[in-house]
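Colleague: I am new to this structure. May I ask for the reasoning behind some of the terms applied to it?

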Amino acid sequence: MVEGLFELGVNLVETLIILDFVTRYLGCKYSDWRKYVGFIAFWMIGFAELSYINYLFSFEGLAVFLPIVIVFIYELLFLNGKVLMKLWISALTQIIVIIIAVGTNLFVCYVIDYDLNDMINVFNTTRVISVVITKVILFYVTRMLLRRKYKNPLGGKQWIVLIVIPLISLVSLVALMIAALNNEEMSEYILCGMAGILLVNVSDYYLFATLNRDYELKLKINMLEQNNQNAVKIIENSAAFVNRMKSARHDMKNQLLIISGSIKSGKSDEAEKYIESLTDAFLPEVQYFINSDNEAFNAIANAKAALCYEKKIFLEIREMKNSLKDFDAVDTGILFGNLLDNAIEAAEKTKERKITVDIKTQGSYLSVLVANSIDHSVLEENAALETTKKDKAHHGTGIKTLKELVRKYDGMIQFFEEDGEFCCRIMLGTMDMGN
């Protein structure tokens, strides 16, 4: 009775640690009831599978692949990330579990000169201590991996290499464990073999981390280059904006003299009509001046507004008060520089030539919606939103940069079309703003 309850408790804890690890590593797709129902359901499925296999076999052999399948299905249904990333995490998690469990048992048996078959089949204090040690090690190893998570996309060939290593390692571990059960005198050699498998999988994770760091470095370089380009454009467009303001001011003086003369001559009706015509003529120059609580946004928005005026594009920006107050200046340039550049480039090719920007806070998120006019569907022709420019090496990084910025703030990005407009909606978690 006690033995049965202990084994069930161990299986319950192990599956909880595994599912909690993959959920925290990849992140859940949902924040509502589905998040908790999915977790609990697959926790019970994993627990039932592990308990049943342990009941049938003293050592499960190739059945070690079943938890990979269960965790992988859970990831596909409820967690974020690409399919190959999910498969790799499933395999990696299982190899961690097996290495810790088998390695600990072999090591304890070797140190205290204990029979390995008894360690697996006999319920006593030695087995209890060994099992508790394995679960404690499993918990702390998974927590260490969570301190530095990597979720950046890699190439297909790179993923194949990364996935194959833990899968082959599992087969090798099963073979070593069977050999250890049949010939305990070889336990020290088998431990050496397991140490080699452990090092191979550590190297596998190190390779994964290195590839991600290289990707992040390239992305940061691209972001800095784009930020620099945005700064140059802001300076150029700001200079044009200032010149137009000076010109408008000079013209306004002359117009005011005419109005003053009409009033002095008693022609007030003519003066009123003249003022109305001036309103229509000069409002386009003034309407683009944006003054928010974020100086970086003011600079880039006014520069882009001046550019829109030159290109005869109608630009409307609606910004909720204080919504951008604490938003990082560099990220402001990257976010709105890319969004407005893309929108301007698309809108100037359309008949309506229109761009609208809505900025507001929604709960703990900053919401940004940029919509530009289109004459035909963009997503039907180019669902991946790949650049159509010939120089693909220096173009087409805008969408990737936006997605990386969204990842930084644990947000979301969505592209859709409605009412003859192409829309990009971005939600950024405000908890990280200003960091």
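Modeller: The model is predicted, and the questions below concern its sheet and some of its salt bridges.

Colleague: What makes strand 1 and strand 4 the edge strands of the sheet?

Modeller: Five strands form an open sheet in the order 1-2-3-5-4, with mixed pairing. Strand 1 (314–319) and strand 4 (412–418) each pair on one side only, and they are the edge strands.

Colleague: How do you know that strand 4 and strand 5 pair?

Modeller: Pairing requires at least two bridges. Seven bridges join strand 4 to strand 5 (residues 421–429), so the two strands count as paired; they run antiparallel. Within strand 5, Arg425 stands opposite Gln414.

Colleague: Why is the contact between Asp331 and Lys408 called a salt bridge?

Modeller: The cut-off from nitrogen to carboxyl oxygen is 4 Å. The side chains of Asp331 and Lys408 meet at 2.8 Å, N to O, and therefore qualify. Asp331 belongs to helix 11 and Lys408 to helix 12, so this pair ties together parts that are 77 residues apart in sequence.

Colleague: Why is Asp331 called buried, and why is Lys408 called partly exposed?

Modeller: Buried means under 20% relative accessible area, and exposed means over 50%. Asp331 has 3%, so Asp331 is buried. Lys408 has 45%, which lies in between, so Lys408 is partly exposed.

Colleague: What makes Asp358 and Arg318 a salt bridge?

Modeller: Their closest N and O atoms are 2.6 Å apart, within the 4 Å limit. Asp358 lies in strand 2 and Arg318 in strand 1, so the pair ties together parts 40 residues apart in sequence.

Key:
Residues numbered from 1 in each chain as written. Predicted model: local features only at pLDDT ≥ 70, side-chain atom pairs only at ≥ 80, totals over all residues. Heavy atoms only, no water. Helix = DSSP H or I, 4+ residues; strand = E, 2+ residues; numbered from the N terminus. Buried < 20%, exposed > 50% of the residue type's maximum accessible area, 1.4 Å probe, protein only.
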